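Here is a quick tour of a two-chain model. Have the sequence and the 3D view open as you read.

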Amino acid sequence: MKWGVVVFPGSNDDEDALRAIRDVLGHEAVPLWHKASDLHGADVVLLPGGFSYGDYLRCGALARFSPVMQSVRSFAEAGGLVVGICNGFQILCEAGLLPGALIRNRSLRFVCDTAIVRVENARTAWTNRCRCGECLRIPIKHGEGCYIADDVTLDALEQNGQILFRYVDESGEPTAAANPNGSLRNIAGVMNERGNVFGMMPHPEHAAEKLVGVGEDGVKLFRSLIRHVEGGARASRVRGGDDASGAHSSARGS
Amino acid sequence: MLARVYVTPRRGVLDPQGKAVAQSLHSLGYPEVSEVRIGKYMEVRLEAADRTQAEGRVREMCERLLANKVIEDYRFEIGEEDAR
C-alpha cells in the first residue's frame, strides 16, 4: 500500500506524516510536490497540516487551485481515499470536497493542546480499528479550527454518520468546556457522504510514537486505513463501499 | 478599472472578532453599538472593455476565489481607476 503526502509551500507536518507512515507503520510513502500533478500511484493521498500559501486570503483557499489539487480532486471523485489533517481539512472544505468551513477559533487564540476526541462512527475506512464511543488523545494546534456549516448540513452529517470525531471531556461528554475552538456540535472530523474523503483538525501523525508525549492513539487511524485498503471491502464497510472500492481500483490502475 | 470588493461574514455565521471589537467599543463608552461585523476590503485593478464586462469578470472572481460562499457574502463596486 502506497501513501502520497502532498507538500505545499508552507506545509510543516508533511515530514511528521511521512515519518509516521514509513518508520512507525513500515509503509511506502512519497511526497507529492504541489506543482506536480502526478500522484505516483498512491492508494491514499494525505494533505498535511501547516500554513499552505501563508494562509493568505483564507486558510486553504489558494492551495486548492494548485496543480496537485486538480489531480487530488479527480482522484477523490473517482472514489480514491483522501485525508486532510488540520490545514489539509481546511483545504478540502475550501475545495468543496467536504461540506462546511473552518473559521477563526471562537477564543480568537491559537490553541496548542492535547484534545480528547470521541469516535462517533467506527464503521468507516478511517476508524474501523476504533470502537464507537472510544476516546482518543490527539494533539491539536490551530488558529482556525472552528467548524461551521448550516443546520441542514449539520443534521445531514449526523444522520449519515459523517461525523467521525467530536471533542469531549475526560468523561467522554461533548461539553462546551471540552471544545477547544468553538466548532458547532463539537465536531473535530467529518467525512463526505461517499466515505472516501475525510478531514480532521487533530493531528494523528503527532500521536504515533510513545517517545513524543501523548501516546499512540493516532496510529489507530492509520491502521484503520491500512485494513480498509489491504483487507478489502469485507472489513471496511464504508458507506457505498462497493461502489467506492470499485472506482478506487480503477483509479489506481490508471 | 478599479473594483472595490467587500467580503463580509454571512448572517448567522459566528464572527468572534466582530464580537470582541463590539465589546471593546462598549467599554470605551459607545453603548449605542449593537453589532460589529468584520470582513475584508480588496481593490482589484483590471483591464476591461467596459463596465459590464468588468462586472462579469469580478463576479466570477468572487464566486471562485475571493469569497467562500459557505461563510461569506460579497459585493463590489466598479469605477474608473483613481488618478494617483
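Helices here are DSSP runs of H or I with at least four residues, strands are DSSP runs of E with at least two, and both are numbered from the N terminus. This is a predicted model, in which local features need pLDDT of at least 70 and side-chain atom pairs count only at pLDDT 80 or more, while totals for chains, interfaces and linings use all residues. Residues are numbered from 1 along each chain as its sequence is written, and chains are lettered from A and ligands numbered from 1 in the order in which they are written.

Let's start with chain B. It has two helices and three strands, and going from the N terminus they come in the order β-α-β-α-β. The radius of gyration of chain B (taken over C-alpha atoms) is 16 Å. The globule rule (2.2 Å times the number of residues to the power 0.38) gives 12 Å for 84 residues, so chain B is more spread out than a compact globule. Along the principal axes, its C-alpha atoms fill a box of roughly 50 × 35 × 15 Å.

Burial goes by C-beta atoms placed from the backbone: a residue is buried with 20 or more others within 10 Å of its own, exposed with 12 or fewer, and partly exposed in between. By that count, 13% of the 84 residues of chain B are buried. Contacts are residue pairs whose C-beta atoms, again placed from the backbone, lie within 7 Å. Among chain B contacts between residues at least 6 apart in sequence, 66% join residues at least 24 apart.

Where the chains meet, chain A puts in 12 residues and chain B nine. On the chain A side, strand S5 (101-103) and strand S8 (146-148) each supply at least two residues. That side divides into six nonpolar residues (Ala, Val, Leu, Ile, Met, Phe, Trp, Tyr, Cys and Pro), four charged (Asp, Glu, Lys and Arg) and two polar (the others, Gly among them).

Now for some backbone oddities. Most residues other than glycine have a negative phi. Two residues of chain A with a positive phi are set out below.

| Residue | Phi | Loop in chain A | C-beta neighbours inside 10 Å |
|---|---|---|---|
| His40(A) | near 55° | strand S2 (28-33) to strand S3 (44-47) | 12, exposed |
| Cys86(A) | near 60° | strand S4 (81-85) to helix H3 (87-94) | 30, buried |

Last, confidence: pLDDT is the predictor's confidence in each residue, from 0 to 100. Chain A has a mean of 92, with 91% of its residues at 70 or more. Over residues 233-254 of chain A, though, pLDDT stays under 50, and the model has 39 contacts beyond four places in sequence for that stretch.

Note on methods. Two residues are in contact if their C-beta atoms, placed from the backbone, lie within 7 Å.
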